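Please open the structure in your viewer and keep the sequence beside it. The tour below goes from one selection to the next, with a short account of what is there at each stop.

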Amino acid sequence: MKRLMITGGAGFIGSNFTRYLLERYPDYTVLVYDKLTYAGNMDNLGDLAERFAGRYAFLQADICDASAVDDAIQSHRIDAIVNFAAETHVDRSIMDPDAFIQTDVYGTYVLLEATRKFELGRYHQISTDEVYGHVPVGSSRETDAIAPRSPYAASKASGDLLVNAYHVTYNLPVTMTRGANNIGPYQYPEKVVPLFVTNAIDNEPLPLYGDGLQMRDYQYVVDHCEAIDLVLQRGEIGEVYNVGTGSEMPNIEMTRLILEILGKPESLVRHVPDREGHDRRYSLDVSKIRALGWEPDHSCAEAIELTTRWYVENEWWWRKIKSGEYKQYYQRQYGWRLAQAGQDNRQA
Ligand code: NAD
Ligand code: DAU
């Protein structure tokens with residue numbers, strides 16, 4: 001497994017993982033295969049072509065396109081796929097689920113078929129804690145039933161089911177990781193941490209959904225990359241591994257921490273109408289990946305601090321994103337919410 005195809009490698013986690021692998025393994029070659037949707041960004045991979053000439057290639061293509069996938073595998077003599085490619089934002093899945101079903105379900109099927117056809121050495125699926133659904137108490141284990149509640153979570157869960165079915169039916173050599181909320185460099189500023197950091201830098205309101213007491217495990221993306229690598233090297237075929245810090249933080253605390261780091265006032269926070277069907281809590285039991293020899297290097301608070309500082313130092317990266325399509329999305333998602341919050345404040 002030294003010739004990897006990293007699908008979705010121009011996105012947030014995929015680009016961090018690509019950089020991590022190329023730096024860590026001098027004998028690996030990587031093909032990043034990415035459609036470049038609104039979330040894919042060549043800036044995320046900026047330095048790699050030069051630094052890793054001969055070991056790194058990029059191809060713009062869709063994982064739903066079976067012949068493009070087949071050609072890529074043959075022409076780059078791929079022996080393993082790590083699949084990050086997905087539509088990933090819960091709020092967009094609520095607005096418009098279609099692309100989620102296409103990419104996260106059908107696209108996964110296409111990649112599994114290619115793995116079968118070319119008898120690849122491994123297919124690794126990047127999945128999410130959201131497939132377990134809202135977890136009011138305790139923590140989700142890998143053997144728990146999945147109970148997704150948003151179109152995004154349901155599309156990811158469907159992909160997971162296909163991966164398992166291909167393992168059982170065709171004996172495909174698969175592994176899977178289910179990660180908690182990742183934060184760090186190159187995350188598209190629709191996700192809450194980069195959204196709040198960049199809004200706060202600009203003294204714009206921070207639209208906190210509902211009471212802000214929803215719990216998330218904010219983990220640093222490089223910790224997640226190390227765990228994926230470990231599962232690729234030492235994970236058991238057919239097994240699923242949860243990946244997170246194993247601790248959680250309410251969103252309001254995450255928000256206050258960002259404001260404190262930036263020296264901005266709490267008056268920027270707006271309690272806006274909640275996300276529909278909002279999962280109030282995710283919590284992963286991470287004992288299985290720990291038993292394999294992995295420990296996160298960062299707590300949630302450290303991850304938030306590192307991430308905040310990266311956005312402060314890398315305005316060049318996010319300023320150009322926060323225009324065009326982003327503005328239209330922002331208006332559609334937050335226009336009425338912020339107006340409603342303003343009205344509530346005036347009435348109070
Ligand atoms: P992202 O939205 O930043 O990137 C997704 C990438 O996939 C983009 O580069 C996009 O262009 C590409 N893509 C989308 N549709 C495609 C298609 N049809 N063909 C080829 N490429 C396509 O996402 P991310 O946050 O980096 O998430 C990566 C993976 O990790 C996803 O599978 C996601 O479900 C999973 N995950 C994310 C988190 C998180 O907190 N961000 C946590 C756990 C799991
Ligand atoms: O848990 C893993 C998942 O984490 C990944 O599978 C998803 O791809 C990723 O998008 C993320 O999903 P979340 O819905 O948890 O992330 P998001 O950043 O959208 O929201 C985090 C929390 O912050 C959630 O409780 C909703 C809240 N939130 C979010 C936004 C965008 C707000 O309060 N206001 C906001 O504007």
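What is on the screen is a predicted model, and the tour of it begins with a single helix.

**First stop: helix H1**

Select residues 12–24, which form helix H1, and look at the two ends: the end C-alpha atoms are 19 Å apart, which agrees with the 18 Å that its 13 residues should span at 1.5 Å a residue. If you now show the surroundings, you will find that H1 is mostly covered, since 11 of its 13 residues are buried. Among the buried residues of H1 are Phe12, Phe17, Tyr20, Leu21 and Leu22, and the list also includes Arg19 and Asn16.

**Second stop: helices H3 and H5**

Next select residues 66–75 for helix H3 and residues 98–117 for helix H5, whose axes come within 10 Å and cross at roughly 40°. Angles under 35 degrees would count as roughly parallel, and H3 and H5 are therefore oblique to each other. Seen as a pair, H3 and H5 make a right-handed crossing. To view the contact, show the side chains of Ala66, Val69, Asp70 and Ile73 in H3, which meet Val110, Leu111, Ala114 and Lys117 in H5. Coloured by class, the residues where H3 touches H5 comprise six nonpolar and two charged ones, with no polar residue.

A general point helps in reading such a list: an α-helix has 3.6 residues a turn, so residues three or four places apart point the same way.

**Third stop: helices H7 and H11**

Move on to helix H7, residues 192–201, and helix H11, residues 300–313, where the axes come within 10 Å and the crossing angle is roughly 50°. That angle makes H7 oblique to H11, and the crossing in which H7 passes H11 is right-handed. On the H7 side the contact is made by Val193, Pro194, Val197, Thr198 and Ile201, while H11 contributes Thr307, Thr308, Tyr311 and Val312. By class, this contact of H7 with H11 has six nonpolar and three polar residues, and no charged ones.

**Last stop: two loop residues**

Most residues other than glycine have a negative phi, which is a reason to pause at the last two selections. Select Leu36, in the loop between strand E2 (29–34) and helix H2 (48–51); Leu36 has a positive phi of about 60° although it is not a glycine. Then select Asn171, in the loop between helix H6 (151–170) and strand E6 (174–179), where phi is again positive, at about 60°, in a residue that is not a glycine. Is each of them buried or exposed? Leu36 is partly exposed, with a relative accessible area of 25%, whereas Asn171 is exposed, with a relative accessible area of 62%.

Methods:
Residues numbered from 1 in each chain as written. Chains lettered and ligands numbered in written order. Predicted model: local features only at pLDDT ≥ 70, side-chain atom pairs only at ≥ 80, totals over all residues. Heavy atoms only, no water. Helix = DSSP H or I, 4+ residues; strand = E, 2+ residues; numbered from the N terminus. Buried < 20%, exposed > 50% of the residue type's maximum accessible area, 1.4 Å probe, protein only. Expected span 1.5 Å × (residues − 1). Axes fitted to C-alpha atoms, helices over the stretch in contact; angles between N-to-C directions. Parallel < 35°, antiparallel > 145°, perpendicular 65-115°, else oblique. Left-handed = near helix turned anticlockwise from the far one by under 90°. Contact = heavy atoms within 4.5 Å. Nonpolar A, V, L, I, M, F, W, Y, C, P; charged D, E, K, R; others polar.
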